[in-house]
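Work through the exercises below with the sequence and the coordinates open beside you. Each task is followed by a solution that goes step by step.

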Amino acid sequence: MPKLGQYSFRRILLSKILLLSIPVLLLGEYVTYRKAREGFLQTAQQNLTESAERKGENIRDRIEDLRSTVTTASAAFSVQLAQPQVASSLVQQMQSWLGQDVQCIQLVDLQTQRLVGSTCGNQAIHPNWQDRPLSPTPTGQDLRSQVQLTPTNSARLATQTPRQRQLNLVLSAPVGNNQARYLLSVQASLHRQSSSQPGSLTGYTIVADQTGRILAHPNAALIGQNIRQTLMPLIWQGVFDPNAQPHQNQSLTWFQAEGKDWLVSSSPITIPIGANQTQQWTVLAVAPADNALYGLEGIQQVLMILTIGLVAALLFATYYMARELARPIEQLSRYALQIHSRSDPERSPQNFRIQELNHLAAALDSMVTRLEERAEELEAAWQEAQIASELKSDFLATTSHELRTPLNAIIGCVRLVRDNCCDTREEELEFLQQADDAAIHLLKIINDLLDIAKIEAGKVELNLQPVHIQDLCHQCLRMIQPGAEKKRLTLALDVDEQMGEIPLDERRVRQMVINLLSNAVKFTPEGGHVELSGQIRYGQQLVQDNRPDHSPINPTTAYLCLEVKDSGIGIPKERWNLLFRPFSQVDSSLTRKHEGTGLGLALTKRLVELHGGTLSFQSTPGAGSIFRIWLPYDR
């Protein structure tokens, strides 16, 4: 029975999969919705920008056409107005051929300050026309530059129907051959407002001058007002504010009006309004945000249906998968609980429908087999640990014996001298010399132990310097010469004189050679001989030697070979495995006879390996031994 806070595998699997997959699914749906919305908005931006640019180009082109038309009419009036009584009929004729965009034509006599011709009543359409002075008509100058353009939002025009809410302009031009006697004014509507249907991104048209004054707007009541007071300040700051960043042709801005969101894109146009005068107008294409997102509602419905279907499919798949996984896992768990009481031929349940669970069952069988093998290995390791403990005890006993022997000699000799037990000065000196020899021997044991410990801890660094091998070998022979002379041993040296200086750690190499020479002198009977030789050899000459580290040898690699050959007692083959163990000797009786510690060869082996070389030997009982130090030789 499960404990408190524990749940079945099926319940955990079902809950975890649902908790992980459903948020991911919903997140994916949300990201898809956001991406679709961004795509619609990007399309709206492009369409509105292009619409604003087209509207601006149309307004600019239409104004140029009107300027040309007014210029042509002004020239025609200058020729035909020789008789003022024909002015009214000429104005009426001009209204008929200028088109429906022209709403009113007026001709003002600047001398009498009276209307001499009008198609829209007696109210003047040109502001401040009374202030227009009589001036000579320039010659040799483009007459279109004399056309003055003025946007208007008079009370009479504000009564237009929504279809007539247009950009209303008044264009004025002087009329006269030599002097501007008349003023011809034409009122025209340049842009008919377009509706904004769902899905359409043409947009409504708003035109404002460089000060922000609205010149055209779907709501006629706003014409003449400042856009900064009627729309979002962001539009003013981003489009009309001269202190803002430079205006860009492609821009998309959000604002709220009439309780809903709107999108606006702008396009600047430059309009000439008089002689050498221009204004910067901004044409805005404005569309409801719902138009841009018109197709998003269908996508949202599809995503909702898809989400519900995927969640249902996920619930069914999760429940089925939990059942298919739980059954074999429960069988495997029962098998695992009964392993301790199973019989040897019994195996874990297999042949499941899920391949991975079959692999798990096979792995479980393999694990049980390995555990049994590990149990056997642990038993063997325990036995080896027992042996190692015994060896440790032997090591401690040997070490304490080897340390106590010279230490007792030192203490004994010093006390004999201190207690005046010596009869002569020569006897005192003999005891002091014995104490000194024992102290040197004790120091060597301690140094060897410390060197082995440092090497195994990785704290020994080599100091490579060019070394003359022949001089090094001479020094080593001189150091062991007193001991050899006591046993009447013959010392020989054979070093290749062609070898120059070789980069080595001189102190460590001298230590290795002296260790081998000391062993050779120690284990060579009186009258024997010890030979030290040095030469360059190749790896193929090392293959037949016995090597304790069994390191791979490249037959073509050159080595510096330092060889110590003696005619000593030799080493039995069954004892070769003890040669390089600290405090291990071939024969304990010989150890006691020759007062050795067994540290020399162990230290030499580690120092050779530290140089990247190897140590080899050949030995025949009763005939002597040959030890060779192989150090890589870099030419």
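The model is predicted, and the exercises should be read with that in mind.

**Exercise 1. Which cysteines form a disulfide, and where do the two partners lie?**

Step 1. The structure holds 1 disulfide, and the pair that forms it is Cys-104 and Cys-120, with sulfur atoms 1.6 Å apart. The cut-off that this step needs is a sulfur-to-sulfur distance within 2.5 Å.

Step 2. The torsion about the S-S bond is -50°, and the link of Cys-104 and Cys-120 is left-handed.

Step 3. Cys-104 belongs to strand E1 (residues 102-109), while Cys-120 sits in the loop between strand E2 (114-118) and strand E3 (148-151), so the disulfide ties together parts that are 16 residues apart in sequence.

Step 4. The two ends differ in burial class: Cys-104 counts as buried because its relative accessibility is 1%, whereas Cys-120, at 22%, counts as partly exposed.

**Exercise 2. Explain why Cys-422 and Cys-473 are too far from the closest cysteine sulfur for a bond.**

Step 1. For Cys-422, the closest cysteine sulfur is that of Cys-421, and because the distance is 6.8 Å, it is too far for a bond.

Step 2. For Cys-473, the closest cysteine sulfur belongs to Cys-476 at 6.2 Å, which is likewise too far for a bond.

Step 3. As for their surroundings, Cys-422 counts as buried at 11% relative accessibility, and Cys-473 counts as buried at 1%.

**Exercise 3. Find the salt bridges of Asp-209, Glu-506 and Glu-563, and place each pair in its setting where you can.**

Step 1. The count for the structure comes to 9 salt bridges, and the rule behind it asks for a side-chain nitrogen of Lys or Arg within 4 Å of a carboxyl oxygen of Asp or Glu.

Step 2. Asp-209 meets Arg-213 in a salt bridge with an N to O distance of 3.5 Å. Asp-209 counts as buried at 5% relative accessibility, whereas Arg-213 counts as partly exposed at 27%.

Step 3. Glu-506 meets Arg-510 at 2.8 Å, N to O. Both residues lie in helix H10 (residues 506-522), 4 residues apart, about one turn of the helix, and Glu-506 counts as partly exposed at 32% relative accessibility.

Step 4. Glu-563 meets Arg-537 at 3.5 Å, N to O. Glu-563 lies in strand E15 (residues 558-566) and Arg-537 in strand E14 (residues 529-538), so this pair ties together parts that are 26 residues apart in sequence. Both partners are buried, with relative accessibility of 10% for Glu-563 and 15% for Arg-537. Salt bridges that share partners join Arg-537, Glu-563 and Arg-628 into one network.

**Exercise 4. In what order do the strands of the open sheet of 5 strands run, and which helices pack on the sheet?**

Step 1. The order is E12-E14-E15-E17-E16, and the pairing is mixed.

Step 2. Strand E12 (490-495) and strand E16 (614-620) stand at the edges; each has a single partner strand, so one side of each is left without a neighbour in the sheet. From one strand to the next, the twist averages 15°.

Step 3. E16 pairs with strand E17 (residues 624-632) in the antiparallel sense over 7 bridges, and the bridge partner of Phe-617 in E17 is Phe-627.

Step 4. Helix H9 (residues 469-486) packs on the sheet, where it touches E12, E14 and E15, and its direction makes about 175° with that of E12. H10 also packs on the sheet, touching E14, E15 and E17, with its direction at about 25° to that of E15.

**Exercise 5. How many residues does the largest nonpolar core have, and which residues have the most contacts inside it?**

Step 1. The largest nonpolar core has 45 residues, and Ile-469, Leu-517 and Ile-629 are those with the most contacts inside it. H10 gives the most to this core, with 8 residues.

Step 2. Leaving aside residues up to four places away in sequence, Ile-469 touches Val-495, Met-499, Gly-500, Ile-502, Leu-504, Leu-560 and Leu-562.

Step 3. A second, separate core has 33 residues, including Leu-66, Leu-107, Leu-171 and Leu-184.

Conventions:
Residues are numbered from 1 along each chain as its sequence is written. This is a predicted model: local features need pLDDT of at least 70, side-chain atom pairs count only at pLDDT 80 or more; totals for chains, interfaces and linings use all residues. Side-chain values use heavy atoms; hydrogens and water are left out. Buried means under 20% relative accessible area, exposed over 50%, partly exposed in between (1.4 Å probe, protein chains only). Helices (H or I, at least four residues) and strands (E, at least two) are DSSP runs, numbered from the N terminus. A nonpolar core is a set of buried Ala, Val, Leu, Ile, Met, Phe, Trp, Tyr and Cys residues joined through side-chain atoms within 4.5 Å. Contact means heavy atoms within 4.5 Å. Two strands pair if DSSP finds at least two bridges between them. Axes are lines fitted to C-alpha atoms, for helices over the stretch in contact, and angles run from 0 to 180 degrees between N-to-C directions.
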